[in-house]
Amino acid sequence: ATLRHAAPKPFDLTLLKLTDYPKQKPVEGAIEGENLKVVVHQGGEIEKQGGFWELSGERQLWWHHPKPGDKLAVEIPVPADGKYELIGSFCENRDYGIHKLKLNGKDVATVDFFSNDLRWSKKSLGTFNLKAGAARLDVECVGKRQGALDGNMFGIDYFLLVKK
């Protein structure tokens with residue numbers, strides 16, 4: 001007996017249609033990292049990096065390959081005098097570094113932005129009395145943890161100023 005197979009049916013190419021995913025909406029009240037005014041840039045490269053759907057405004061302010069001691073400073077717009085909690089959405093990954101943060105000249109924290117996988121993590125930097133205009137955030141590269149990939153990177157998706 002001979003086995004007979006039916007001829008394959010033509011493939012329906014409409015089944016290959018790519019699905020459109022909605023763009024991430026910007027976080028309400030976000031002060032987008034890519035729009036921050038850079039007032040100091042000593043070492044490394046600064047870019048407005050995109051290509052990640054998780055980002056609030058589709059981009060982040062990305063500082064890559066600074067050396068220990070290199071500095072970056074940005075101005076964060078403050079709408080009115082008041083007490084605010086400053087929350088940042090920061091990038092973390094295997095090639096991100098340890099950075100010392102200051103707000104208006106005062107030490108805030110030294111943060112290790114290393115992670116085993118790419119992610120954006122919200123961190124409160126504290127509550128501060130701020131004047132209308134702009135607060136200055138200084139970032140100084142400390143280096144990287146043992147086992148981290150080279151790069152010493154720093155990325156900010158956005159900041160939130162939460163009135164207290």
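**Figure 1. Overall view of the predicted chain.** Buried residues account for 40% of the 164 residues in the chain. The model shown here and in the following views is predicted. The chain contains eleven strands and zero helices, and its pattern along the sequence reads β-β-β-β-β-β-β-β-β-β-β. Among contacts in the chain with a separation of 6 or more, 77% join residues 24 or more positions apart. The exposed area of the chain is about 10,300 Å², and carbon and sulfur atoms contribute 52% of that area.

**Figure 2. The largest nonpolar core.** This core comprises 32 residues. The residues with the most contacts inside the core are I76, L86, L130, L137, F154, F159 and L161. At least two core residues come from each of β4 (59–64), β5 (71–78), β6 (82–92), β7 (98–103), β9 (119–130), β10 (133–143) and β11 (154–163). In soluble globular proteins, nonpolar side chains tend to be buried together.

**Figure 3. Surroundings of F159.** F159 belongs to the group of residues with the most contacts inside the largest nonpolar core. When its neighbours within four places in sequence are set aside, the contacts of F159 include G29, A30, I31 and L36. F159 is also in contact with I76, L86, I87, G88 and F90, as well as with L125 and L137. Of these partners, I76, L86 and L137 are likewise listed among the core residues with the most contacts.

**Figure 4. The five-stranded open sheet.** The strands of this sheet follow the order β2-β5-β10-β7-β8, with antiparallel pairing. At the edges are β2 (37–42) and β8 (106–112), each of which pairs on one side only. From one strand to the next, the twist averages 20°. Strands of a sheet pair through backbone hydrogen bonds, either parallel or antiparallel.

**Figure 5. Pairing of β2 with β5.** The antiparallel strands β2 and β5 are joined by five bridges. V40 is positioned opposite A73 of β5. The edge strand β2 covers residues 37–42, while β5 spans residues 71–78 and follows β2 in the order of the sheet.

**Figure 6. Surroundings of D138.** D138 is located in strand β10, which stands between β5 and β7 in the order of the open sheet. The side chains of D138 and R136 form a polar contact at 2.9 Å. Apart from neighbours within four places in sequence, D138 is in contact with L72 and A73, and also with K100, L101 and K102. A73, one of these contacts, is the residue opposite V40 in the preceding view.

Technical notes
Residues numbered from 1 in each chain as written. Predicted model: local features only at pLDDT ≥ 70, side-chain atom pairs only at ≥ 80, totals over all residues. Heavy atoms only, no water. Core = buried A, V, L, I, M, F, W, Y, C linked by side-chain atoms within 4.5 Å. Buried < 20%, exposed > 50% of the residue type's maximum accessible area, 1.4 Å probe, protein only. Helix = DSSP H or I, 4+ residues; strand = E, 2+ residues; numbered from the N terminus. Contact = heavy atoms within 4.5 Å. Pairing = 2+ DSSP bridges. Axes fitted to C-alpha atoms, helices over the stretch in contact; angles between N-to-C directions. Areas by Shrake-Rupley, 256 points an atom, 1.4 Å probe, with all protein chains shown as cover. Polar contact = N/O pair within 3.5 Å; in protein donor to acceptor, adjacent residues only side chain to side chain.
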